[in-house]
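Welcome to this set of exercises! Take a moment with the sequence and the structure below, and then work through each task before you read its solution.

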Amino acid sequence: MDLLQNLESELELFKAEYAKFGRGNKTAGTRARKHLQNIKKISQELRNSIQCSKLQEEKE
């Protein structure tokens with residue numbers, strides 16, 4: 001479940017940066033977008049992992 005932990009970690013980092021952005025810190029917006037991109041990548045890896053597990057179960 002390493003991917004799930006990474007996803008949760010990135011989400012927490014995103015929340016922190018987005019809160020800073022909401023208070024007027026413009027550079028925090030850039031960091032928030034970076035975390036969203038990481039969340040997207042991790043989510044795709046997690047989707048692929050789930051699909052592979054599902055296909056392996058069907059073969060058995």
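**Exercise 1: A salt-bridge network**

At 32% relative accessibility, Arg 31 counts as partly exposed, because buried means under 20% relative accessible area, exposed over 50%, and partly exposed lies in between (1.4 Å probe, protein chains only). Before we go on, please note that this is a predicted model, in which local features need pLDDT of at least 70 and side-chain atom pairs count only at pLDDT 80 or more, while totals for chains, interfaces and linings use all residues. Residues are numbered from 1 along each chain as its sequence is written, and side-chain values use heavy atoms, with hydrogens and water left out.

Task: find the residue whose side chain meets that of Arg 31 in a salt bridge, and say which residues are linked in the network.

Solution.

Step 1. Recall the rule: a salt bridge is a side-chain nitrogen of Lys or Arg within 4 Å of a carboxyl oxygen of Asp or Glu. The partner of Arg 31 is Glu 17, at 2.8 Å from N to O.

Step 2. Place the two residues. Glu 17 lies in helix α1 and Arg 31 in helix α2, so this pair ties together parts that are 14 residues apart in sequence. Helices here are DSSP runs (H or I, at least four residues), numbered from the N terminus.

Step 3. Look for another partner of Glu 17. Its side chain also meets that of Lys 20 in a salt bridge, at 3.7 Å from N to O. Glu 17 and Lys 20 are both in helix α1, three residues apart, which is about one turn of the helix.

Step 4. Compare the surroundings. Glu 17 is buried, with a relative accessible area of 11%, whereas Lys 20 is partly exposed at 32%.

Step 5. Put the pieces together: Glu 17, Lys 20 and Arg 31 form a network of salt bridges.

**Exercise 2: Completing the count**

Task: how many salt bridges does the structure hold, and where do Glu 12 and Lys 15 lie?

Solution.

Step 1. The structure holds three salt bridges.

Step 2. One of them joins the side chains of Glu 12 and Lys 15, at 3.6 Å from N to O.

Step 3. Both residues sit in helix α1, three residues apart, about one turn of the helix.

Step 4. Glu 12 is partly exposed, with a relative accessible area of 49%, and Lys 15 is partly exposed too, at 45%.

**Exercise 3: A buried charge**

Task: Glu 10 has no salt bridge; is it buried or exposed, and what is the nearest side chain of opposite charge?

Solution.

Step 1. Locate the residue: Glu 10 is part of helix α1, which covers residues 2-22.

Step 2. Glu 10 is buried, and the nearest side chain of opposite charge is Lys 34, 7.5 Å away. In this count Lys and Arg are positive and Asp and Glu negative; His and the chain ends are not counted.

Step 3. Check for a polar contact, meaning a pair of N or O atoms within 3.5 Å; within protein, one must be able to donate a hydrogen and the other to accept it, and residues adjacent in sequence count only if both atoms are side-chain atoms. The side chains of Glu 10 and Asn 38 make one, at 3.5 Å.

Step 4. List the contacts (heavy atoms within 4.5 Å). Leaving aside neighbours within four places in sequence, Glu 10 is in contact with His 35, Asn 38, Ile 39 and Ile 42.

**Exercise 4: The core between helices**

Task: which residues make up the largest nonpolar core, and which helix gives the most to this core?

Solution.

Step 1. A nonpolar core is a set of buried Ala, Val, Leu, Ile, Met, Phe, Trp, Tyr and Cys residues joined through side-chain atoms within 4.5 Å. The largest has six residues: Leu 7, Phe 14, Ala 32, Ile 39, Ile 42 and Leu 46.

Step 2. Helices α1 and α2 each supply at least two residues of this core. Helix α2 gives the most, with four residues.

Step 3. Take a closer look at Ile 39, which is buried with a relative accessible area of 15%. Not counting residues up to four places away in sequence, Ile 39 touches Leu 7, Glu 10, Leu 11 and Phe 14.

Step 4. Finish with Leu 46: leaving aside neighbours within four places in sequence, Leu 46 is in contact with Leu 3 and Leu 7.
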